[in-house]
Amino acid sequence: MVQADIPARWINRKFSFDLPTSAFPEVLARLESMPDTVRNICESASERALSRKNEGRWSAKEHFGHLDDLSSVDEKRLHDYLRNAPALSPADVTNPKTEAANHNARLWIELLELLTENRLRLTRQLAQLTPKQLLQTALHQRLQQQMRVIDWMWFLAEHDDHHIAAARAAIAAAANEN
C-alpha cells in the first residue's frame, strides 16, 4: 500500500490549459461528483479523524469547508466570464474565510450539505453555457495566464482533487496516531 503523502502546495502548481471544448461533459462531471466523493470519504471516517489537525495543517473538515468557502469566488468568476471581464476576480490566497470558519466545530454532514448546494448551483449554471461561452477568456491574475471557461472548470476540478487528496492524508495521519 502506498503511504498517503501530503500533496504539494497548491500555490506552487503550474498549469497548461489546452483542453478541447469537447471535454466539457467530462470536466462538468468531475465538478458535479466532488460532493459525492467527499461524502464517501466522510462516511468511512469518524468525526474525530475528520477534525484532526496534523502538524498544524488543515483537518479533512477544513479542506472540505475550504472548497465550500470558495464557492462565492467561483460564482464571481463565472459572472466575470459572462460579462466579458478582462480578468477573473481574485481569491485571497491567505484563506481568511477558512481560517476563521471553525469548520471542525461542525458535523461533516452539515459541511457536505452546504458544499453540495453551492456546487449544484454552480454546475447547473455551467451546464447552460453555450459553446461560444466556453471559449470566453479572462486573465487569472495569480497565474498570469489567460483562461477559457473550460480551462477554469478544469482548474476548479484540479483544486477539488488537491484538497480531497490533502483531506485523505489528514485522515490517514489521524489513523496513524492511534
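## Cavities, a pocket and selected residues

Helices α3 (60-69), α4 (71-82) and α6 (108-127) each contribute at least two residues to the lining of the largest cavity; helices (H or I, at least four residues) and strands (E, at least two) are DSSP runs numbered from the N terminus. The model is predicted, so local features require pLDDT of at least 70 and side-chain atom pairs pLDDT 80 or more, whereas totals for chains, interfaces and linings use all residues. Residues are numbered from 1 along each chain as its sequence is written, and side-chain values use heavy atoms, with hydrogens and water left out.

**Overall architecture**

The protein contains 8 helices and 2 strands. In sequence order these elements form the pattern α-α-α-α-α-α-α-β-β-α. The radius of gyration is 17 Å, close to the 16 Å given by the globule rule for 178 residues, so the protein is as compact as a globular protein of that length. That radius is taken over C-alpha atoms, and the rule is 2.2 Å times the number of residues to the power 0.38. The C-alpha trace spans about 55 × 35 × 30 Å along its principal axes.

Of the 178 residues, 47% count as buried (under 20% relative accessible area; exposed is over 50%, partly exposed in between; 1.4 Å probe, protein chains only). Among contacts (heavy atoms within 4.5 Å) between residues at least 6 apart in sequence, 79% join residues at least 24 apart.

**Internal and open spaces**

The protein has 2 cavities of 30 Å³ or more. On a 1 Å grid over the protein atoms alone, a cavity is a set of points where a 1.4 Å probe fits but cannot get out; a pocket is an open set with protein on both sides within 12 Å along at least five of seven lines, and lining residues have an atom within 4 Å of a point. Points are joined across faces, edges and corners, and a volume is the space filled by probe spheres set on them. In the table, Ala, Val, Leu, Ile, Met, Phe, Trp, Tyr, Cys and Pro are nonpolar, Asp, Glu, Lys and Arg charged, and the others, Gly among them, polar.

| Space | Volume | Largest share of lining | Lining by class |
|---|---|---|---|
| Largest cavity | about 70 Å³ | α6, 5 residues | 4 nonpolar, 2 polar, 5 charged residues |
| Second largest cavity | about 40 Å³ | α6, 4 residues | 6 nonpolar, no polar, 1 charged residue |
| Second largest pocket | about 160 Å³ | α5, 3 residues | 5 nonpolar, 4 polar, 3 charged residues |

The wall of the largest cavity is formed by Met34, Leu67, Asp68, Ser71, Asp74, Glu75, Leu115, Asn118, Arg119, Arg121 and Leu122. Around the second largest cavity stand Val38, Lys61, Phe64, Trp108, Leu111, Leu112 and Leu115. Leu115 thus belongs to both linings. For the second largest cavity, α3 and α6 each provide at least two lining residues.

The second largest pocket is lined by His66, Asp69, Leu70, Ser72, Val73, Pro90, Ala91, Asp92, Asn95, Pro96, Lys97 and Thr98. The elements that give two or more residues to this lining are α3, α4 and α5 (96-101).

**Glu62**

Glu62 belongs to helix α3. With a relative accessibility of 10%, Glu62 counts as buried. A polar atom of the Glu62 side chain lies 2.7 Å from the backbone nitrogen of Ser59. Leaving aside residues up to four places away in sequence, Glu62 touches Lys53, Arg57, Thr98, His103 and Asn104. Thr98 also lines the second largest pocket.

**Loop residues**

Pro86 sits in the loop between α4 and α5. Its relative accessible area is 69%, so Pro86 is exposed. Residues up to four places away in sequence excluded, Pro86 touches Ala138, Leu139 and Gln146. Between Pro86 and Ser16 there are 19 Å in space, C-alpha to C-alpha, and the two are 70 residues apart in sequence.

Asn102 is located in the loop between α5 and α6. Its phi is near 55°, a positive value in a residue other than glycine. At a relative accessibility of 49%, Asn102 is partly exposed.

Gln144 occupies the loop between β1 (137-140) and β2 (145-148). Phi of Gln144 is likewise positive, near 55°, in a residue other than glycine. Gln144 is exposed because its relative accessible area is 57%.

How values were computed:
Polar contact = N/O pair within 3.5 Å; in protein donor to acceptor, adjacent residues only side chain to side chain.
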